[in-house]
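Hi,

Here is the model I promised to pass on to you. Please open it alongside this note, and my notes on what turned up follow below.

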Amino acid sequence: MTRLCLGLEARRPVALDGGVVLTPGLEVRLRHDGGDAETGLDLGGGLALAVPKHGLQAEVRGRGLLSHRSKGFRERGFSGALSWRQKPASDHGPALKLTRTVGGAYSGGADALLSRVTLDGLAANDNSGSDDNLKNRRLELKLGYGLSAFGDRFTWTPEAGVGLSDAGRDYSLGWRLVRRSRPGDTGSLDLSFEARRRKSANDGAPPVHSVGFRLTARW
């Protein structure tokens with residue numbers, strides 16, 4: 001298969017009273033895929049509200065496929081997230097995030113285009129692209145604790161999470177190593193590792209174990 005994407009993303013923070021920051025966002029993407037893949041127009045958007053003084057942030061996001069060459073094909077996704085960090089001005093200390101998702105990928109960016117939910121459309125799957133994807137609901141809680149590493153040039157964060165959905169539940173353990181940004185820096189480094197155990201809602205099915213590794217670098 002081949003995949004081409006042309007898109008526009010826009011976000012604009014708006015400062016409110018008391019240091020509160022409101023950030024609306026919009027994403028529009030045109031996708032053209034070769035082979036048995038989706039081809040159409042994506043539209044996504046979101047709204048984030050941050051209260052830096054208390055380390056709180058709330059966000060809602062949504063995404064939908066406006067048009068598609070296959071008649072009747074639909075794909076939608078929504079999410080809401082609430083996060084808290086003890087030290088808002090630093091990435092050290094405890095941090096907590098609660099996320100609720102409904103449907104398919106809720107962002108029109110690369111995460112949506114390369115997600116397993118979207119790529120299900122590459123196969124002749126009768127369930128992919130139908131409104132049934134709104135029945136896919138998930139609740140995830142993740143806790144992390146940031147620690148100084150390598151002379152305070154990096155932050156090391158062990159993380160633990162639990163996810164619940166109609167399909168089952170999963171547990172994860174991992175860690176992240178992120179280079180702390182300093183004045184004059186032009187690049188960034190983010191290294192993460194995660195081990196996950198997934199237990200199906202079907203009691204007769206054995207648990208599934210997986211390991212993931214990701215490296216993101218910008219310069």
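Let me begin with a caution: residues 108-132 have a pLDDT (the predictor's confidence in each residue, from 0 to 100) that stays under 50, and the model has 44 contacts for them beyond four places in sequence. Contact here means heavy atoms within 4.5 Å. Where pLDDT is low, the predicted coordinates should not be read in detail. Helix α2 (residues 116-119) has the lowest confidence in the chain, with a mean of 42, while strand β2 (residues 14-15) has the highest, at 94. Over the chain, pLDDT averages 80, and 76% of the residues score at least 70.

Some ground rules before the details. This is a predicted model, in which local features need pLDDT of at least 70 and side-chain atom pairs count only at pLDDT 80 or more, whereas totals for chains, interfaces and linings use all residues. Residues are numbered from 1 along each chain as its sequence is written, and side-chain values use heavy atoms, with hydrogens and water left out.

**Overall layout**

The chain has 2 helices and 12 strands, taken as DSSP runs numbered from the N terminus (helices are H or I, at least four residues; strands are E, at least two). In order from the N terminus, the elements read β-β-β-β-β-β-β-α-α-β-β-β-β-β. Of contacts between residues at least 6 apart in sequence, 49% join residues at least 24 apart. Buried residues make up 29% of the 219 in the chain; buried means under 20% relative accessible area, exposed over 50%, and partly exposed in between (1.4 Å probe, protein chains only). The accessible surface is about 14,000 Å², with 59% of that belonging to carbon and sulfur atoms. These areas come from the Shrake-Rupley method with a 1.4 Å probe, and for residues only the protein chains shown count as cover.

**The charged network**

Side chains of opposite charge can pair when their charged atoms come close. The count for this model is 11 salt bridges, each being a side-chain nitrogen of Lys or Arg within 4 Å of a carboxyl oxygen of Asp or Glu. I would look at Arg138 early on: its side chain meets that of Glu140 in a salt bridge at 3.7 Å, N to O. Arg138 also bridges to Asp170, with the closest N and O atoms 2.8 Å apart. That second pair links distant parts of the chain, as Arg138 is in strand β8 (residues 137-149) and Asp170 in strand β10, 32 residues apart. Arg138 counts as buried because its relative accessibility is 19%, and Asp170 is buried too, with 2%.

Asp170 has a further salt bridge, to Arg196, at 2.6 Å from N to O. This one also links distant parts of the chain, since Arg196 belongs to strand β11 (residues 188-200), 26 residues from Asp170. Both Asp170 and Arg196 are buried. Through shared partners, salt bridges join Arg138, Glu140, Lys142, Asp170, Glu194, Arg196 and Arg198 into one network.

**The nonpolar patch**

On the surface, Leu56, Leu82, Trp84, Leu96, Leu98, Leu139, Leu141, Leu143 and Leu164 form a nonpolar patch with about 740 Å² of accessible area together. Patches are made of residues with over 30% relative accessible area and no salt bridge; like charges are joined within 9 Å, and nonpolar side chains (Val, Leu, Ile, Met, Phe, Trp, Tyr) within 5 Å. Strands β6 (76-85), β7 and β8 each supply at least two of its residues, and β8 gives the most, with 3. Leu98, one of the patch residues, is found in strand β7 and counts as partly exposed at 38% relative accessibility.

**Three more places to look**

- Thr99 also lies in strand β7 (residues 93-103), but Thr99 is buried, at 14%. Beyond four places in sequence, Thr99 is in contact with Gly80, Ala81, Arg138, Leu139 and Glu140.
- Asp166 sits in the loop between β9 (154-165) and β10 (168-179) and is exposed, at 62%. Its C-alpha atom is 7.1 Å from that of Ala201, 35 residues away along the chain.
- Phe150 and Phe154 form an edge-to-face aromatic pair, 5.7 Å centre to centre with 75 degrees between the planes. Rings of Phe, Tyr and Trp (its six-membered ring) pair if their centres lie within 6.5 Å; planes under 30 degrees apart count as stacked, over 60 as edge-to-face and the rest as tilted. Phe150 is exposed at 53%, whereas Phe154 is buried at 15%.

Best wishes
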